[in-house]
Amino acid sequence: MANNYSQLRAMLAIAKGSFKGMLRNPSAVAFSFGFPMVFILVFGSIGGGGPKVSIALARQGDTSNWVIKGLLSSPLVRLSDDKDSATMRKDLERGRIAAILTVDTTTTSAGVPQSIVHTQTSSASGDKYPILQLGLARVFETAVERNMPLQYRPIVIDELPQLPGREYSNIDFILPGMLGFSLLGAAVFGVAFLFFNLRQQLVLKRYGATPIGKPYIILGEALARVVFQLITAVVIIAIGKTVFHFTLIHGWVTFAEMLFLSLVGLIVFMGLGFIISSTAKSESTIPPFANLFTLPQLLLGGTFFSTDAFPKWLQQFCEILPLKQLNDAMRNVAFEGAHLTDCGKQLGILLIWGVLTYAVAVKVFKWE
């Protein structure tokens with residue numbers, strides 16, 4: 001009789017029961033769907049832009065020019081890491097930088113040295129270029145008197161023809177971050193509380209008395225959570241697209257790739273939930289343990305704002321965080337037109353986290 005027992009049917013039955021339980025749990029629905037949607041509604045209703053912009057230099061030697069030195073000393077402007085012209089052009093078209101600058105030094109007919117600043121912008125620069133202009137104006141004010149005749153001024157701005165570019169709005173940055181936030185919180189807290197309570201209430205022990213194999217018990221519970229969170233992801237992306245015009249550059253292909261990234265991120269994050277559920281001594285210790293992992297990522301993972309504003313040493317730390325890699329991959333796919341094959345770095349770091357996390361989870365997981 002035991003030989004005819006269907007492990008697959010048993011696993012699906014567990015998944016179905018667990019899924020219904022999540023739908024009936026108001027806190028699970030609020031945390032996975034409600035909170036991210038509140039942030040999306042708030043930030044999606046706010047216009048784009050920021051107080052600081054990035055620029056790129058067509059010639060790296062221009063960093064020694066007094067105009068560029070003065071510009072970079074301004075709190076309004078920072079220098080992009082872009083070195084080659086192709087990358088600069090792509091970033092300009094995507095609105096990542098305000099302009100590409102070139103500085104030529106000449107001498108006027110009056111024998112006065114003069115710097116000519118050539119600025120290349122795109123329509124994606126949006127309100128970033130006016131911020132750059134403000135930075136240049138401050139350089140003027142510290143270098144010359146405002147009423148000096150043009151032929152005697154040591155700096156002249158030459159604005160080159162504008163390139164076409166895609167409009168980048170706040171929702172294009174915020175929605176992937178909120179989706180990652182939802183996946184991270186639901187996976188870590190949800191799995192940790194679920195398996196801790198199943199263990200405390202002796203449900204896992206009772207499962208042990210049935211013919212179903214232990215791996216199928218875990219897979220059934222995990223499957224329910226994966227399906228629930230992927231439905232949440234579909235709803236979040238759909239609302240972002242229809243209400244706030246979130247960019248899905250390749251349409252359904254981009255949508256499918258975002259769901260795949262959501263699945264990868266969810267599986268990785270669930271590994272930590274298994275670890276916490278097995279190491280926590282009581283239910284009250286789960287939130288502190290979980291927050292040790294989730295809170296730094298919410299702040300440093302590029303969820304609410306770009307990590308470009310951080311110091312270099314902190315940016316390097318951010319790069320090892322799984323949520324940062326998931327957010328970057330989501331944004332690259334959704335707005336920049338990348339595909340999964342272009343996200344090798346992000347998927348590789350997520351894979352490393354998954355291997356390490358589940359290696360620890362297998363060692364510490366408890367059934368009783």
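Which hand does the crossing of α8 and α9 have, left or right? Hold that thought for a moment, and hello, everyone. What we have on the screen is a predicted model, so please keep that in mind as we walk through the helices together.

Back to the question. The crossing of α8 and α9 is right-handed. Helix α8 covers residues 214-244 and helix α9 covers residues 252-279, and their axes lie 10 Å apart at an angle of about 140 degrees. Angles over 145 degrees count as roughly antiparallel, and about 140 degrees does not reach that, so α8 and α9 are called oblique to each other.

Who does the touching? From α8 we have I218, A222, R225, V226, Q229, L230, A233, V234 and I237, and from α9 they meet F255, M258, L259, S262, L263, L266, M270 and F274. Sort the residues of this contact by class and you get 14 nonpolar, two polar and one charged.

Let me step back and give you the whole chain. The secondary structure comes to 13 helices and five strands. The chain has 368 residues, and 46% of them count as buried. Now take the contacts with a separation of 6 or more along the sequence: 77% of these join residues 24 or more positions apart.

Next, please find α6. How do α6 and α8 pack, at what angle and how far apart are their axes? The angle is about 160 degrees, and the axes are 10 Å apart. That angle is over the 145 cut-off, and α6 and α8 are therefore roughly antiparallel to each other. Here, too, the crossing is right-handed.

The list of contact residues takes a breath to read out. On the α6 side there are I171, L175, L179, S182, L183, A186, G190, V191, L194, F195 and L198, and on the α8 side I218, E221, R225, Q229, T232, A233, I236, I237, G240 and F244. By class, that contact divides into 14 nonpolar, five polar and two charged residues.

Let me pick out one of those names, I236. You will find I236 in helix α8. Is I236 buried or exposed? Its relative accessible area is 0%, so I236 is buried. If you would like a landmark beside it, try M178: the two residues are 58 apart along the chain, and their C-alpha atoms are separated by 8.8 Å.

Now for another partner of α6. Helix α6 runs over residues 170-200 and helix α10 over residues 286-300; their axes come within 11 Å and cross at roughly 170 degrees. These two helices are therefore roughly antiparallel to each other, and their crossing is right-handed. The α6 residues in this contact are F181, L184, V188, F189, A192, F193 and F196, while α10 brings I286, P287, A290, N291, F293, T294, Q297 and L298. In terms of class, the contact has twelve nonpolar, three polar and no charged residues.

Let's turn to the aromatic rings. How many aromatic pairs are there? The count comes to five. A pair of rings is described by the distance of the centres and the angle of the planes. My example is W252 with F255: the centres are 5.6 Å apart, the planes make 90 degrees, and the pair is edge-to-face. Both residues sit in helix α9, three residues apart, about one turn of the helix. W252 is exposed, with a relative accessible area of 73%, whereas F255 counts as buried at 15%. There is also an aromatic cluster formed by F195, F274 and Y358.

Last stop: the end of the chain. K366 lies in the segment after α13, which is residues 344-364. With a relative accessible area of 38%, K366 is partly exposed. Setting aside neighbours within four places in sequence, K366 is in contact with R199, L204 and S278. The C-alpha atoms of K366 and I275 are 9.5 Å apart, although 91 residues separate them along the chain.

One of those contacts deserves a visit of its own. R199 is in helix α6, and with a relative accessible area of 7% R199 is buried. Beyond its neighbours within four places, R199 is in contact with L204, S277, S278, F365, K366, W367 and E368.

That is my tour. Thank you for listening, and do go and find these residues on the screen yourselves!

Notes
Residues are numbered from 1 along each chain as its sequence is written. This is a predicted model: local features need pLDDT of at least 70, side-chain atom pairs count only at pLDDT 80 or more; totals for chains, interfaces and linings use all residues. Side-chain values use heavy atoms; hydrogens and water are left out. Axes are lines fitted to C-alpha atoms, for helices over the stretch in contact, and angles run from 0 to 180 degrees between N-to-C directions. Helices (H or I, at least four residues) and strands (E, at least two) are DSSP runs, numbered from the N terminus. Angles under 35 degrees count as roughly parallel, over 145 as roughly antiparallel, 65 to 115 as roughly perpendicular and the rest as oblique. A crossing is left-handed if the near helix is turned anticlockwise from the far one by less than a right angle, and right-handed if clockwise. Contact means heavy atoms within 4.5 Å. Ala, Val, Leu, Ile, Met, Phe, Trp, Tyr, Cys and Pro count as nonpolar, Asp, Glu, Lys and Arg as charged, and the others, Gly among them, as polar. Rings of Phe, Tyr and Trp (its six-membered ring) pair if their centres lie within 6.5 Å; planes under 30 degrees apart count as stacked, over 60 as edge-to-face and the rest as tilted. Buried means under 20% relative accessible area, exposed over 50%, partly exposed in between (1.4 Å probe, protein chains only).
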